[in-house]
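Please open the structure in a viewer and keep a selection tool at hand. The stops below proceed one selection at a time.

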Amino acid sequence: MNEKPSNGIDTSGVYGENARQLYLPFFKPIKLTPAPEEYPILPTLVNESCGMKIITGALMGSVLGVAMGFFMGAMGDVSPIQMVNGREVPQAPLREQVRSGFKSIAFKSRGWAKSFGILTALFGGVECLVEKYRAKHDVWNPVISGCAVGATLSAKGGPAAACLGCAGFAGFSIIVDKIMGPH
């Protein structure tokens, strides 16, 4: 029984499971993949995807924008004193003033929500892409992202405005990162 297997390993005196491993060097138990309904959903996989960061950023930015618009709309003067030929025009009834105030608040809230939603979605998405590309999680990711987003949002004003937007957003990202600490 001193056979030499084709792989050249001497198996004399080896019995049982050890001999099986020598004869079958690629023996490996087969595990079938789970059915689609059994796939585990990893919360970190969903939360760390760039698409989810963009959606989350847009939603959170929009909520912040609604709050800022509500605050700014409430602080705005919706019924200034109007003068015609040196005489004060009587004010509208209270119901019209309230309606006008709510329209102003709704208009400002919508505008602020749109602006903050776009800004945070762009910033979060670009930061996620930069982080995945660089394969590092450091202070430079938000700086690069801030520069790209600042330049993109102010590009309509020309190259000088784009450079100022880049520098402004990058500087703001550094300041926020120093104050808030690394995330």
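How many residues line the largest pocket, and which of them lie nearest its centre? The model under inspection is a predicted one. Its largest pocket is lined by 24 residues, and those nearest the centre are Thr120, Phe123, Gly124, Glu127 and Val176. Select these five first. The elements that contribute two or more residues to this lining are helix 3 (50–75), helix 4 (94–134) and helix 6 (159–180). Helix 4 is the greatest contributor, giving eight residues. The volume of the pocket is about 760 Å³. Colouring the lining by residue class gives eleven nonpolar, nine polar and four charged residues.

Next, select helix 4 as a whole. This helix comprises 41 residues and spans 59 Å from its first C-alpha to its last, close to the 60 Å expected at 1.5 Å a residue. Now display its buried positions: Gly101, Ser104, Ile105, Ser109, Ala113, Gly117, Ala121, Gly124, Gly125, Glu127, Cys128 and Val130. Gly124 and Glu127, which are buried in helix 4, are also among the residues nearest the centre of the largest pocket. To see part of what covers the buried residues of helix 4, add helix 3 and helix 5 (140–153) to the view. Then step to alanine 135, which follows helix 4 and has a positive phi, near 60°.

Within helix 4, select tryptophan 112 and phenylalanine 116. A search of the whole structure finds one aromatic pair, and these two residues form it: their rings are stacked, 5.7 Å centre to centre, with 20° between the planes. Both residues lie in helix 4, four residues apart, or about one turn of the helix. An α-helix has 3.6 residues a turn, so residues three or four places apart point the same way. Is tryptophan 112 buried or exposed? Tryptophan 112 counts as partly exposed because its relative accessibility is 29%, a value that falls between the 20% limit for buried and the 50% limit for exposed.

The last stop is serine 173, in helix 6. Serine 173 is classed as buried because its relative accessible area is 8%, which is under the 20% cut-off. Which residues does serine 173 touch, leaving aside those up to four places away in sequence? Select Phe123, Pro142, Val143 and Gly146 to display these contacts. Phe123 has appeared already, as one of the residues nearest the centre of the largest pocket. Finally, set a distance label between the C-alpha atoms of serine 173 and asparagine 141: the two are 32 residues apart in sequence and 9.4 Å apart in space.

How values were computed. Residues are numbered from 1 along each chain as its sequence is written. This is a predicted model: local features need pLDDT of at least 70, side-chain atom pairs count only at pLDDT 80 or more; totals for chains, interfaces and linings use all residues. Side-chain values use heavy atoms; hydrogens and water are left out. On a 1 Å grid over the protein atoms alone, a cavity is a set of points where a 1.4 Å probe fits but cannot get out, and a pocket is an open set with protein on both sides within 12 Å along at least five of seven lines; lining residues have an atom within 4 Å of a point. Grid points are joined across faces, edges and corners, and a volume is the space filled by probe spheres set on the points. Ala, Val, Leu, Ile, Met, Phe, Trp, Tyr, Cys and Pro count as nonpolar, Asp, Glu, Lys and Arg as charged, and the others, Gly among them, as polar. Rings of Phe, Tyr and Trp (its six-membered ring) pair if their centres lie within 6.5 Å; planes under 30 degrees apart count as stacked, over 60 as edge-to-face and the rest as tilted. Buried means under 20% relative accessible area, exposed over 50%, partly exposed in between (1.4 Å probe, protein chains only). The expected span of a helix is 1.5 Å times one less than its number of residues. Contact means heavy atoms within 4.5 Å.
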